[in-house]
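Please find below my notes on the model, set out as numbered points. They take up the core, the aromatic side chains, the pocket and one histidine in turn.

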Amino acid sequence: MDTGAAGTGLAADDLYPAAAISRWRFAVSQQYQHLLDKTTPHVLYRWIACLFFAFVYVIRVYFVQGFYVVSYGLGIYILNLLIGFLSPQVDPEIQEISDGPTLPTRGSDEFRPFVRRLPEFKFWYSITKAFCIAFVMTFFSAFDVPVFWPVLLFYWVVLFILTMRRQIAHMIKYRYVPFSFGKQRYDGKKASIESENPLKD
C-alpha cells in the first residue's frame, strides 16, 4: 500500500511542471490575444507598424547581401495573402454553377457588402508575422542559399503580373470591387424628389 501511494505521489510530482508550463502558456496566450484585440480598431497604426517591420527586414537583407531565397518565399507568401484579401469569401463562379445568390450587378439589386476570403486583420497579422519570421531566419546561415537574385526577382514580378491580371479579369467578369464604402443608394435623389412632389403632373 505504501509503495503504491509513493508511486502515485511521484507521478503527481512529475505532472506538476507540465501543468505549470501549460498554465503559463495559456496565460501568455490570453494576454497576447488581448493585446491583438486592442489593436483591431487601430488600422492605420497597425499598418504603420507592419511597414516598419518590412523596412527593418529590407535593411537587414541589404546589409548582409544574402537570404534571397527567404525573400523570394516571403514575396510568394505575401502574394498569396493578397489574392485572398482581394477575393470574395464565396467565389461567384461557384455560385453561378450552383445557381445561388450572386453579387449585385445592377442598381435594382440588393446591396451586399463585400466579404473577403481573408479579412483585413488576418491579412495584416499574417504579413507582419511573416516579416518577423523572415527577419529571424536571416540570423541562420543555413537559410542563406547562394542564388542569382535577379532571376528570382524577375520570376516574382512575372508571377505577380500574371496573378493580378487574372484577379482583375475575375473582378471585371463578375462585376465586384474588393472594397466596401458603406451602403450604396440607387436613384436616391430621384426618389426624394418624387416623394416631395407626389402630385406633380
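**Notes on the core, the rings and the pocket**

1. The largest nonpolar core comprises 24 residues, and those with the most contacts inside it are Tyr57, Leu74, Phe123, Ile127 and Phe131. At least two residues of this core come from each of helix 2, helix 3, helix 5 (120–137) and helix 6. It should be kept in mind throughout that the model is a predicted one.

2. Tyr57, which is listed among the core residues with the most contacts, deserves a closer reading. Once residues up to four places away in sequence are set aside, tyrosine 57 touches Phe67, Val70, Ser71, Leu74, Phe131, Ala134, Phe135 and Thr138. Two of these partners, Leu74 and Phe131, are themselves named among the core residues with the most contacts.

3. Aromatic side chains can be followed through the model as ring pairs, of which the structure holds 12. In the pair formed by tryptophan 124 and tyrosine 125, the ring centres lie 6.4 Å apart and the planes meet at 45°, so this pair is classed as tilted. The two residues fall into separate burial classes: tryptophan 124 counts as buried because its relative accessibility is 8%, whereas tyrosine 125, with a relative accessible area of 22%, is partly exposed.

4. Ring pairs also join Trp47, Phe85 and Phe123 into a cluster. Phe123 thus appears in two settings, as a member of this cluster and as one of the residues with the most contacts inside the largest nonpolar core.

5. The largest pocket holds about 500 Å³ of space, and the elements that give two or more residues to its lining are helix 2 (43–64), helix 3 (68–86) and helix 6 (149–174). Helix 3 gives the most, with 6 residues. The lining has 16 residues in total, and those nearest the centre of the pocket are Val61, Tyr68, Ser71, Tyr72 and Leu153.

6. By class, the lining of this pocket has 13 nonpolar and 3 polar residues, with no charged residues. Ser71, one of the residues nearest the pocket centre, is also among the residues that tyrosine 57 touches, and this links the description of the pocket to that of the core.

7. A last point concerns histidine 170, which is found in helix 6. Its relative accessible area is 18%, and because the cut-off for burial is under 20%, histidine 170 is classed as buried. Apart from neighbours within four places in sequence, histidine 170 is in contact with Asp91, Pro92 and Tyr176.

How values were computed
Residues are numbered from 1 along each chain as its sequence is written. This is a predicted model: local features need pLDDT of at least 70, side-chain atom pairs count only at pLDDT 80 or more; totals for chains, interfaces and linings use all residues. Side-chain values use heavy atoms; hydrogens and water are left out. On a 1 Å grid over the protein atoms alone, a cavity is a set of points where a 1.4 Å probe fits but cannot get out, and a pocket is an open set with protein on both sides within 12 Å along at least five of seven lines; lining residues have an atom within 4 Å of a point. Grid points are joined across faces, edges and corners, and a volume is the space filled by probe spheres set on the points. Helices (H or I, at least four residues) and strands (E, at least two) are DSSP runs, numbered from the N terminus. Ala, Val, Leu, Ile, Met, Phe, Trp, Tyr, Cys and Pro count as nonpolar, Asp, Glu, Lys and Arg as charged, and the others, Gly among them, as polar. A nonpolar core is a set of buried Ala, Val, Leu, Ile, Met, Phe, Trp, Tyr and Cys residues joined through side-chain atoms within 4.5 Å. Buried means under 20% relative accessible area, exposed over 50%, partly exposed in between (1.4 Å probe, protein chains only). Contact means heavy atoms within 4.5 Å. Rings of Phe, Tyr and Trp (its six-membered ring) pair if their centres lie within 6.5 Å; planes under 30 degrees apart count as stacked, over 60 as edge-to-face and the rest as tilted.
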